[in-house]
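This report describes selected local features of one protein structure and its ligand. The reader is invited to follow each residue in the sequence and in the view below.

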Amino acid sequence: MRIRVLGSAAGGGFPQWNCNCRNCAGARNGTVRAAPRTQSSIAVAGTDAAAWALVNASPDILAQLRVHSDLQPARAPRDSRLAGIVLVDAQIDHTVGLFMLRESTAPLAVWCTDAAYADLTGGNPIFSVLGSYCGIERHRMGSSGEEFALDRVPGVRWRAIAVAGKPAPYSPHRSAPVRGDNVALVISDAASGKAAVYAPGVGAIEPALWSALEGSACVLIDGTFWSDEEMVAQGLAAKRARDLGHLPQSGAGGMLEWLQRLPRATRKILIHVNNTNPILDEDSPERAALASAGVEVACDGMEITL
Ligand code: MLT
Ligand code: MN
Ligand code: ZN
């Protein structure tokens, strides 16, 4: 099984179009050593190297497809290597890319929870709008760890586990989160049983998620913010990390403390990194702290084979 990071940044990407924070300005003018990153998505292939599951449809999907020749059409006048789409939530950065795939000759096969489905037909009716284009073939995904498969992505098994978080800001139930608004995906190689967890949005580490992390060879987990007050302290926004449903990396009970409890052999990768996060700067003390804790930062194009 291959997991390829298509986009490793959080919503807004890096650098963000309207942002002059130290990272964004420094990435533009070359004073900060930090690679640009597109918005949050991975692709997964099993035994058929030409059949990929797209996990989250980023606003940057077209640019992401363009840089990977093996994700491009080659077999027929109209052709797609995307054999199914799985959504971890209904956030803008994970769903707007569906609009970019509207030329599909077949309805887009999409796996998502009932909570995400409600938002994508209600508060932000992307699925309904796509009904006038290629259409959606929706597959219901439970969020209690039930196993499922994508029929056209052989050799990969999937489970979704509800995680603490928030629905998107546009959601009619933004202030009253429900189970299934956000999930972690446990993605396993059917032959070896080796698993990776992909969880770009995690508000807290609860027992079901923790046991999935403990059982995985690789974790790709919420790397949005280094500190709770990161955007407030930089004068960029009034929201704290926890207000947005993201557990910060530093501090008591933060993501780093949790990751350090996992076995040394577990590959630990922070993903969905916000442009304000100092870990993007390869020369920052925060990045050095990660390195000494054995924690990596995802970059676009990173590939993991399990
Ligand atoms: C989030 O996860 O909070 C998002 O990245 C927000 C967004 O898409 O703007
Ligand atoms: Mn996001
Ligand atoms: Zn910025």
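Is N56 buried or exposed? N56 is buried, because its relative accessible area is 0%. The structure discussed here is a predicted model, and the description begins with the backbone before turning to the ligand.

## Backbone features

N56 is placed in the loop between β3 (52-55) and α2 (61-66). The phi angle of N56 is positive, about 75°, although N56 is not a glycine.

A positive phi also occurs in H272, with a value near 60°, and H272 too is a residue other than glycine. This histidine is found in the loop between β12 (267-271) and α10 (285-293). H272 counts as buried because its relative accessibility is 5%, and the cut-off for that word is under 20%.

A glycine may be added to this description. G30, just after α1, takes a positive phi of about 85°. Helix α1 itself covers residues 22-29, and its buried residues are N23, C24 and G26.

One peptide bond also deserves attention. F14 and P15 are joined by a cis peptide bond, with an omega of about -5°. P15 has its place in the loop between β1 (2-7) and α1.

## The surroundings of ligand 1

Which residues surround ligand 1? They are G11, Q91, D93, H246 and H272. H272 is thus a member of this shell as well as a buried loop residue with a positive phi. By class, the shell has no nonpolar residues, four polar residues and one charged residue.

Side chains of D93, H246 and H272 each place a polar atom close to an oxygen atom of the ligand, as the table shows.

| Residue | Partner | Distance |
|---|---|---|
| D93, side-chain N or O atom | oxygen atom of ligand 1 | 2.9 Å |
| H246, polar side-chain atom | oxygen atom of ligand 1 | 2.9 Å |
| H272, polar side-chain atom | oxygen atom of ligand 1 | 3.3 Å |

On its own, ligand 1 has 270 Å² of accessible area, and the protein covers 70% of this area.

## Aromatic rings

How many aromatic pairs does the structure hold? It holds three aromatic pairs. One of them is formed by F148 and W158, and this pair is stacked, with 6.2 Å from centre to centre and 25° between the planes. F148 lies in strand β7 (residues 144-148) and W158 in strand β8 (residues 156-162), so the pair ties together parts that are 10 residues apart in sequence. Both F148 and W158 are buried.

Another ring has a charged partner. The charged end of R261 sits over the ring of W258, at 4.7 Å from the centre of that ring.

## Residues far apart in the sequence

The remaining features compare separation along the chain with separation in space.

T276 lies in the loop between β12 and α10, which is also where H272 is found. T276 counts as buried because its relative accessibility is 4%. What separates T276 from C21 in sequence and in space? The two residues are 255 residues apart in sequence, and their C-alpha atoms are 6.5 Å apart.

T276 may also be compared with C19, which lies in the loop between β1 and α1, where P15 has its place as well. C19 and T276 are 257 residues apart along the chain, and their C-alpha atoms are separated by 9.0 Å. C19 counts as buried, because its relative accessibility is 7%.

Two residues of the loop between α1 and β2 (41-45) complete the account. V32 is found in that loop, and V32 counts as buried because its relative accessibility is 8%. The C-alpha atoms of V32 and L280 are separated by 9.0 Å, while these residues are 248 residues apart along the chain.

P36 has its place in the loop between α1 and β2 as well. Is P36 buried or exposed? P36 is exposed, because its relative accessible area is 59%, and the cut-off for that word is over 50%. P36 and A252 are 216 residues apart along the chain, and a distance of 30 Å separates their C-alpha atoms.

Note on methods:
Residues are numbered from 1 along each chain as its sequence is written. Chains are lettered from A and ligands numbered from 1 in the order in which they are written. This is a predicted model: local features need pLDDT of at least 70, side-chain atom pairs count only at pLDDT 80 or more; totals for chains, interfaces and linings use all residues. Side-chain values use heavy atoms; hydrogens and water are left out. A residue is near a molecule or strand if one of its heavy atoms lies within 4 Å of it. A polar contact is a pair of N or O atoms within 3.5 Å; within protein, one must be able to donate a hydrogen and the other to accept it, and residues adjacent in sequence count only if both atoms are side-chain atoms. Accessible areas come from the Shrake-Rupley method with a 1.4 Å probe; for residues, only the protein chains shown count as cover. Ala, Val, Leu, Ile, Met, Phe, Trp, Tyr, Cys and Pro count as nonpolar, Asp, Glu, Lys and Arg as charged, and the others, Gly among them, as polar. Rings of Phe, Tyr and Trp (its six-membered ring) pair if their centres lie within 6.5 Å; planes under 30 degrees apart count as stacked, over 60 as edge-to-face and the rest as tilted. Helices (H or I, at least four residues) and strands (E, at least two) are DSSP runs, numbered from the N terminus. Buried means under 20% relative accessible area, exposed over 50%, partly exposed in between (1.4 Å probe, protein chains only). A charge sits over a ring if NZ of Lys or CZ of Arg is within 6 Å of the ring centre and within 35 degrees of the ring normal.
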